[in-house]
Amino acid sequence: MTLQEFLIEWNNPDERVLVHTSGSTGTPKPMWVEKSKMLNSARITCDFLNLQSGDTALLCMPLDYIAGKMVVVRSLERGLKLIQVEPSNHPLAGLDGEKLVFAAMVPSQVFCSLQVPEEREALKHIRHLIIGGGAISAELQTAIRDLHSEGFIWSTYGMTETLSHIALRRLNGSSSSEWYTPFDSVRVALNQEGCLMIDAPLVHDGVLVTNDLAEIKDGKFRILGRRDNVICSGGIKLQIEQIEAKLQSYLHVPFCITRRKDAKFGEVVVLLVSGEDVPEEKLHEAFLHLNRYEVPKVIIKVPAIPRTETGKISRAEAEKLAR
């Protein structure tokens, strides 16, 4: 979708807009969402970040998904100066020194920008950079901390159903934290299975029960992993995201953890690895940082780790490869 196409859709008499989920755990699904709730979401973020009319905002994500659409809606709601670039892993490459007050990126865009000195310098001068659409790896977290940015860098928590994010956590500076702070109008709780429930009446009707296993403390929360990303191997429940987090500092090639059925254990842990050949001894050195239940029973080399259009690991496709 082009910007002009979205603006035509936004300005038509229909009270709703068609969006699509990212498809990280299955097939992307179409959803109709209310324009009034999108404006509410935009207003909440702009107020939290104190964005003012005339501030510059970077649009560098596809407009087919909620994240890109919401950058435009925030600009319309607050009168921001919208700067559009082609979606890529180097969105700051052609800005010619333009100072940005606000930008929203996915982790891969931030990671790639940090590798180029000119783009790295541009990142440092963004007043508010929000990062969403995927997990922040340990490597990226360290790179952000070492950036010494002049502005604020945030990780967002949200989904298509909440019209982008409903909580932020700081990634840089002395206030950096692994705990998300919900917006004032948002309430969170856990259900009996330990999954996060979100009550955000300004952006979603009714309580939204997520598949994210979480922990709540003093009104803040942190995500432990997705309920549907649990591997039950020999009666032991293993969280895919936690295994990946342990391996991130030791495997410097694209990889992901998935599962497949097994006659003896029910399910087993499978490692998909891509890129240059990884010596067997390097893999086993990395596995020393896992407990004995987490160590992959199967290692499969693949041409590329399957990803969605928004850059998330496609868990459904990863399982197909493992099978």
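How many salt bridges does a search of the whole structure find? The search finds 17 salt bridges, a salt bridge being a side-chain nitrogen of Lys or Arg within 4 Å of a carboxyl oxygen of Asp or Glu. The model is predicted, and local features need pLDDT of at least 70, side-chain atom pairs count only at pLDDT 80 or more, and totals for chains, interfaces and linings use all residues. Residues are numbered from 1 along each chain as its sequence is written, and side-chain values use heavy atoms, with hydrogens and water left out.

**View 1. The buried and exposed faces of helix α1.** Helix α1 spans residues 3-11, and L3, F6, E9 and W10 are buried in this helix; helices (H or I, at least four residues) and strands (E, at least two) are DSSP runs, numbered from the N terminus. Buried means under 20% relative accessible area, exposed over 50%, and partly exposed in between (1.4 Å probe, protein chains only). The four buried residues lie on the same side of α1 because they cover an arc of only 125° around the axis, the arc being that of the directions from the helix axis to the C-beta atoms. An α-helix has 3.6 residues a turn, so residues three or four places apart point the same way. On the face of α1 turned away from its buried side are the exposed residues Q4, I8 and N11.

**View 2. Packing partners of helix α1.** The buried residues of α1 pack against two helices and three strands, namely α2 (35-49), α3 (66-78), β1 (16-20), β3 (56-59) and β4 (81-84), where contact means heavy atoms within 4.5 Å.

**View 3. The salt bridge between E77 and R43.** The closest N and O atoms of E77 and R43 are 3.1 Å apart in this salt bridge, which links distant parts of the chain, E77 being in helix α3 and R43 in helix α2, 34 residues apart. Both residues are partly exposed, E77 with a relative accessible area of 21% and R43 at 33% relative accessibility. A network of salt bridges links R43, D47, E77 and R78.

**View 4. Salt bridges of helix α9.** The side chains of E244 and R315 meet in a salt bridge at 2.8 Å, N to O. E244 lies in helix α7 (residues 240-247) and R315 in helix α9 (residues 315-322), so this pair ties together parts that are 71 residues apart in sequence. E244 is buried at 8% relative accessibility, and R315 is buried with a relative accessible area of 13%. E319 forms a salt bridge with R259, with the closest N and O atoms 3.0 Å apart; E319 is in helix α9 and R259 in strand β16 (residues 255-262), 60 residues apart. E319 counts as partly exposed at 22% relative accessibility, whereas R259 is buried, with a relative accessible area of 13%.
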